[in-house]
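Let's take a walk through this model together. Have a look at it first, and then we'll go through it piece by piece.

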Amino acid sequence: VCSSDLSNTPYLIGTDLAGRPLSDGGSFNVPAGVTVMIDAGAIFKLRAANIDVGSSSQLVSRSGAALQVLGTPISRVTFTSFHDDSIGGNSDGVGPVPSGGNWGGIVLRQDSDAASKKSFVNVIGQADFRYGGGQVLVDSQLDSFAPVQIESTRPTVLFNTVTASAGAAIARS
């Protein structure tokens, strides 16, 4: 995923108020065996969606998927609400004001990262999380998520900020 530093154009993930997928897709599920790297300065605006790493169902394996959020102190990565006009422009037209729970979070599942567990490559560093921690449909089931949801895996999580979240900032299970 390339940085949006120069253009300030956000990636739009989730659905609009009418339930239609946003321009970059209705979901962001990292495929099995793929490591997604998000560069410094990238902006993600989400509504009713997660960034899902690892298998959420026994029917479809996404094992070995990994995520690296690679912000820097002077060029952080931003994850925010589709309704947040303070960064990346007015993406939703008029829309409601952003509020905690507009989107779920980054979900790092048990089988994410290296399948062998001999190396751990999931990293979330130097990122800002705004208005997350909401309910999201995953595999046709409504569930609640924290802005950073860690499920029986060992990522590196460092120098992040979570603001205006609905519920816990980071959840471990």
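**Two sheets and a pocket**

A good place to start is a pair of strands: S3 and strand S6, which covers residues 66-70, run parallel and are joined by 5 bridges. You can pick out individual partners here. Val 36 has Leu 67 as its bridge partner in S6, while Asp 39 is matched with Leu 70 in S6.

Before going further, keep in mind that this is a predicted model. The pLDDT of the protein chain averages 91, and 93% of the residues score at least 70. Over residues 2-6, though, the pLDDT is below 50, and this stretch has 14 contacts in the model beyond near neighbours in sequence.

Back to our pair. What order do the strands take in the open sheet of 4 strands? Reading across, the order is S3-S6-S9-S14, and the pairing is parallel. At the edges sit strand S3 (35-39) and strand S14 (156-158), each of which pairs on one side only. From one strand to the next, the twist averages 10°.

Strand S3 deserves a second glance, since its two faces have their own lists of residues. Val 36 and Ile 38 make up the covered face, whereas Thr 35, Met 37 and Asp 39 are on the uncovered one. That puts Val 36, the partner of Leu 67, on the covered face, and Asp 39, the partner of Leu 70, on the uncovered face.

Now for the other sheet. This one is an open sheet of 5 strands, again with parallel pairing, in the order S2-S5-S8-S13-S16. Its edge strands are strand S2 (28-30) and strand S16 (170-172), each pairing on one side only. Leaving direction aside, neighbouring strands in this sheet are turned by 10° against each other on average. Look at the S2 end: S2 and strand S5 (residues 51-53) run parallel and are joined by 3 bridges. Within that pairing, Phe 28 has Ile 51 as its bridge partner in S5.

Strand S2 also leads us to the last stop, the largest pocket. How much space lies in the largest pocket? About 280 Å³. Its lining has 17 residues, and those nearest the centre are Ala 48, Ala 49, Val 136, Leu 137 and Val 138. S2 and strand S11 (135-138) each supply at least two residues of that lining. Which strand gives the most to the lining? That's S11, with 4 residues.

Technical notes
Residues numbered from 1 in each chain as written. Predicted model: local features only at pLDDT ≥ 70, side-chain atom pairs only at ≥ 80, totals over all residues. Heavy atoms only, no water. Pairing = 2+ DSSP bridges. Axes fitted to C-alpha atoms, helices over the stretch in contact; angles between N-to-C directions. pLDDT = per-residue confidence, 0-100. Contact = heavy atoms within 4.5 Å. Buried < 20%, exposed > 50% of the residue type's maximum accessible area, 1.4 Å probe, protein only. 1 Å grid on protein atoms, 1.4 Å probe; cavity = no way out; pocket = protein on both sides within 12 Å on 5 of 7 lines; lining within 4 Å. Points joined across faces, edges and corners; volume = space filled by probe spheres on them.
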